[in-house]
Amino acid sequence: MRARRALLYMPGDDLHKVEKATTLGVDTICMDIEDGVALNRKAEARATIAHALQTLNFGRSERLVRINPVGSGLEEDDLQAILPHHPDGFVIPKVRSAGQVHWVSEQLAQAEWAHGWPERDMVLIALIENARAIVNLAEIAGSDPRLQALIFGAEDLAGDIGAIRTREGREIHYARSAVVTYAAAFGLQAIDMVFMDIRDTEGLCVESLQGAQLGYSGKQIIHPNQVVPVQETFTPSDEAIAQARRVVEAAAQHQAAGQGAFTLDGMMVDAPVVKTAEWVLERARAAGKV
Ligand code: COA
Ligand code: MG
């Protein structure tokens with residue numbers, strides 16, 4: 001799967017921001033038609049995104065579009081306007097059930113068939129941001145072969161359950177952990193919540209690292225200044241890669257000698273430690289580092 005260390009949103013009706021996004025070297029660009037766009041600008045956003053997909057060079061960045069929620073009454077027009085221009089995939093917000101993912105997937109299948117594009121050419125990512133989605137995580141995570149990642153939406157979730165947001169985030173910790181756990185159980189990527197204070201780079205780095213430590217492979221971002229700190233945090237450092245290699249190599253040697261557990265630098269190494277080291281190497285590979 002491709003790296004999605006940072007997923008940058010911008011309002012789909014703002015061509016300048018879309019153009020700017022293509023110059024930032026960000027893994028994923030997500031042009032929004034949902035909550036970042038005013039109700040009376042939805043048509044403008046659809047037209048602007050269609051234009052951007054036709055005319056801009058996105059380089060190596062992935063081209064995603066966040067449609068309005070299934071059931072909002074806007075989603076069909078969103079898909080109809082965007083699908084002919086073949087983005088790399090769609091983000092479905094406020095997902096509540098597997099059926100909603102299936103419905104979008106079916107629209108993509110029809111477009112692929114109608115245009116003669118390869119089957120499952122376009123991917124789906126589900127935003128987990130309400131209580132119902134947390135309760136239905138297993139059915140959503142296992143819903144569709146197009147689904148590649150789950151995104152955790154902390155602000156909407158807090159609104160949905162009546163929590164008061166704090167810097168520490170205890171109020172959303174259960175959901176944040178649940179999303180990353182179910183994503184892993186179904187072989188999906190997990191993309192962490194937005195850090196809202198665009199001036200506070202230090203706070204952004206702390207929260208990004210927390211997400212990486214929880215097992216997230218990337219983070220949603222909302223401003224160009226967030227690209228570098230976030231992508232760096234989700235890229236294993238040279239030291240981490242070197243250490244992971246040592247662990248994997250030493251484990252292979254000890255396995256061959258019939259030893260499942262051994263010590264390295266005074267620390268016990270066994271299967272789960274090796275698994276963690278393999279994750280580090282996997283992330284480094286996805287980021288093009290090894
Ligand atoms: N993507 C691409 N470019 C962006 C950007 C984004 N998300 N946010 C800001 N920029 C650009 C600005 O257009 C400006 O470009 P310029 O220097 O060429 O004029 C530059 O980066 C600096 O922007 P700045 O002045 O610091 O921010 P702003 O006041 O223009 O915008 C926000 C602040 C919060 C409105 C803006 O960052 C934004 O729209 N973020 C995304 C919001 C969103 O999509 N929300 C829904 C998903 S959570
Ligand atoms: Mg949201």
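**Ligand 1 and its surroundings**

Ligand 1 sits in the largest pocket. This is a predicted model, in which local features need pLDDT of at least 70 and side-chain atom pairs count only at pLDDT 80 or more, while totals for chains, interfaces and linings use all residues. Residues are numbered from 1 along each chain as its sequence is written.

Visitor: What makes Tyr9 one of the residues that surround ligand 1?
Guide: A residue is near a molecule if one of its heavy atoms lies within 4 Å of it; 13 residues surround ligand 1, and Tyr9, His16, Lys17, Ile222 and His223 are the closest.

Visitor: Why is the approach of tyrosine 9 to ligand 1 called a polar contact?
Guide: A polar contact is a pair of N or O atoms within 3.5 Å, and a backbone N or O atom of tyrosine 9 lies 2.8 Å from a nitrogen atom of ligand 1, so the pair meets that definition. A polar backbone atom of isoleucine 222 is likewise 2.8 Å from a nitrogen atom of ligand 1, and a polar side-chain atom of lysine 20 lies 3.2 Å from an oxygen atom of ligand 1.

Visitor: Which strand gives the most to the shell around ligand 1?
Guide: Strand 1 does, with 4 residues, where strands are DSSP runs of E of at least two residues and helices are runs of H or I of at least four.

Visitor: How do you know that the chain is as compact as a globular protein of its length?
Guide: The radius of gyration, taken over C-alpha atoms, is set against a rule of 2.2 Å times the number of residues to the power 0.38; the chain has 20 Å, close to the 19 Å given for 290 residues, so it is as compact as a globular protein of that length.

Notes: Chains are lettered from A and ligands numbered from 1 in the order in which they are written. Side-chain values use heavy atoms; hydrogens and water are left out. A polar contact is a pair of N or O atoms within 3.5 Å; within protein, one must be able to donate a hydrogen and the other to accept it, and residues adjacent in sequence count only if both atoms are side-chain atoms. On a 1 Å grid over the protein atoms alone, a cavity is a set of points where a 1.4 Å probe fits but cannot get out, and a pocket is an open set with protein on both sides within 12 Å along at least five of seven lines; lining residues have an atom within 4 Å of a point. A molecule sits in a cavity or pocket if more than half of its atoms lie within 2 Å of its grid points.
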